[in-house]
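Colleague: Please take a close look at one part of this chain, starting from a single side chain and its neighbours. Then work outwards, so that I can see how that part sits in the rest.

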Amino acid sequence: PRLRQRLESLHVTHVFEEHKGDVEAKLAVVGNACTQVSSSAGLVRVLEIVLQVGNYINGGTRRGAAAGIKFDSLLKLSTIKNNATGEAAGTMLNYCVRLVQSQRPDALDFGESLKDVQEASQQTFTQLDSDQRSLVASLESVRAEYEALRAQPVQDMSTTTFLSVISPFLSKALPACEQLKADINAQKEAVKALMRKFGQPPTEDGQALEVFGTISTFKAQFNDALNQNKAVEEAKAKREAAEAAKARRQAGKGGAGGGGGPAQPEGNLFSAFAQFGSQSQDDIVAQLREKMAAREAAKRSG
């Protein structure tokens with residue numbers, strides 16, 4: 001009797017730990033992300049520089065003495081282009097990153113410590129609460145079946161076996177669900193504390209974890225801007241090196257005098273021969289003899 005209910009109850013005993021573990025794992029990711037953001041000295045330094053830039057730009061206005069910056073505002077930096085040209089061109093984020101590069105280079109890798117923000121942004125307290133309630137509902141159905149069978153005046157062997165399995169399961173599972181609920185509530189408070197620490201406006205539980213999505217996006221945008229800045233710097237260095245090499249070549253040609261032939265660097269046989277390009281052997285020998293004769297004549301006249 002009541003075979004379907006018994007099978008459903010036994011199924012709950014087999015999958016309960018797995019389902020509870022899934023919720024605990026999601027909650028752990030949220031907790032890790034919360035700790036990572038709260039303890040990130042690099043993120044604080046970056047925010048300080050962004051705030052300084054914002055206050056400077058808005059100087060003389062009521063927005064020019066801000067004490068903090070909203071995380072949402074960070075995502076606007078990559079959309080604001082400056083009026084500079086050449087190497088200084090780019091977005092406001094490129095400019096802020098350059099300041100970090102010059103003033104707080106130790107903060108450039110702040111994103112490396114925020115390993116769990118992206119995954120945490122995929123969770124919601126609404127879903128975590130729902131998952132916990134589903135676990136409780138499944139346990140309540142098991143407990144109802146347990147109470148119904150235990151109330152029977154006559155119990156066969158299968159019923160006795162069933163009750164012996166379900167009783168210890170419920171004694172552990174029900175308190176575990178209550179603890180899970182307490183853990184979720186504690187994490188909600190931790191996120192609220194994080195928002196207060198960074199001066200962010202409070203949000204509803206359903207949107208509370210969106211802050212991690214904002215930080216994750218900013219982390220990616222910051223790294224993109226850093227790579228862009230490095231590419232500009234590398235291009236500048238190559239260009240300056242090429243210009244310097246060109247200037248040295250021109251200076252070498254100018255110092256060779258009016259001999260009419262290619263300048264011959266002192267003490268570098270390979271470079272001297274390389275200057276003759278594809279000339280014939282006889283021409284090369286003739287030119288070298290002319291140079292040697294000219295040098296001897298210069299010594300005698302001196």
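**From one threonine outwards**

Modeller: Thr214 touches Phe71, Asp72 and Leu75, leaving aside residues up to four places away in sequence. The model is predicted. Thr214 lies in helix α8, which covers residues 210-254. The relative accessible area of Thr214 is 11%, and buried means under 20%, so Thr214 is buried.

Helix α8 can be followed to its other end. Lys253 is in this helix too, but with a relative accessible area of 64% it is exposed. The cut-off for exposed is over 50%, so Lys253 passes it at 64%. Lys253 is part of a positive surface patch, together with Lys246, Arg248 and Arg249. Helix α8 therefore holds a buried residue, Thr214, as well as an exposed one, Lys253.

Now to the start of the chain. Cys34 is placed in helix α1, residues 3-38. Cys34 has a relative accessible area of 7% and is buried. Its contacts, not counting residues up to four places away in sequence, are Gln187, Ala190, Val191, Leu194 and Phe212. Cys34 and Lys192 show how sequence and space can disagree: they are 158 residues apart along the chain, yet their C-alpha atoms are 9.9 Å apart.

Helix α1 also carries Lys26, which forms a salt bridge with Asp131. The closest N and O atoms of that pair are 3.7 Å apart. Asp131 belongs to helix α6, residues 125-150, and the pair links distant parts of the chain, being 105 residues apart. The two partners differ in cover. Asp131, at 16% relative accessibility, counts as buried, while Lys26, at 30%, counts as partly exposed.

A second acidic residue in helix α6 is Glu145. Glu145 counts as buried because its relative accessibility is 3%, which is under the 20% limit. Apart from residues up to four places away in sequence, Glu145 touches Arg2, Gln5, Arg6, Ser9 and Phe162.

Next comes a loop. Asp106 forms a salt bridge with Arg45, with 3.1 Å between the closest N and O atoms. Asp106 lies in the loop between α4 (92-103) and α5 (117-120), and Arg45 is in helix α2 (residues 41-57), so the bridge ties together parts that are 61 residues apart in sequence. Asp106 is partly exposed, with a relative accessible area of 42%. Arg45, at 25% relative accessibility, also counts as partly exposed.

Asp106 has another salt-bridge partner, Arg104, and here the closest N and O atoms are 3.7 Å apart. Arg104 is found in the loop between α4 and α5. Its relative accessibility of 29% makes it partly exposed. Not counting residues up to four places away in sequence, Arg104 touches Arg45, Ile49 and Leu99. Arg45 is thus a contact of Arg104 and a salt-bridge partner of Asp106. Arg104 also has a C-alpha atom 8.1 Å from that of Val46, although the two residues are 58 apart along the chain.

These pairs belong to a longer list, since the structure holds twelve salt bridges. Elsewhere, Glu17, Lys20 and Glu24 are linked in a network of salt bridges.

Last, the chain as a whole. The chain has ten helices and zero strands, and its pattern along the sequence is α-α-α-α-α-α-α-α-α-α. Of the 302 residues, 31% are buried; Thr214, Cys34, Asp131 and Glu145 are among the buried residues. The accessible surface comes to about 18500 Å², and carbon and sulfur atoms account for 54% of this surface. Of the contacts between residues at least 6 apart in sequence, 75% join residues at least 24 apart. The salt bridge between Asp131 and Lys26, 105 residues apart, is one example of a link between distant parts of the chain.

Conventions:
Residues are numbered from 1 along each chain as its sequence is written. This is a predicted model: local features need pLDDT of at least 70, side-chain atom pairs count only at pLDDT 80 or more; totals for chains, interfaces and linings use all residues. Side-chain values use heavy atoms; hydrogens and water are left out. Patches are made of residues with over 30% relative accessible area and no salt bridge: like charges are joined within 9 Å, nonpolar side chains (Val, Leu, Ile, Met, Phe, Trp, Tyr) within 5 Å. Accessible areas come from the Shrake-Rupley method with a 1.4 Å probe; for residues, only the protein chains shown count as cover. A salt bridge is a side-chain nitrogen of Lys or Arg within 4 Å of a carboxyl oxygen of Asp or Glu. Lys and Arg count as positive and Asp and Glu as negative; His and the chain ends are not counted. The place of a charge is taken as NZ of Lys, CZ of Arg, CG of Asp or CD of Glu. Helices (H or I, at least four residues) and strands (E, at least two) are DSSP runs, numbered from the N terminus. Buried means under 20% relative accessible area, exposed over 50%, partly exposed in between (1.4 Å probe, protein chains only). Contact means heavy atoms within 4.5 Å.
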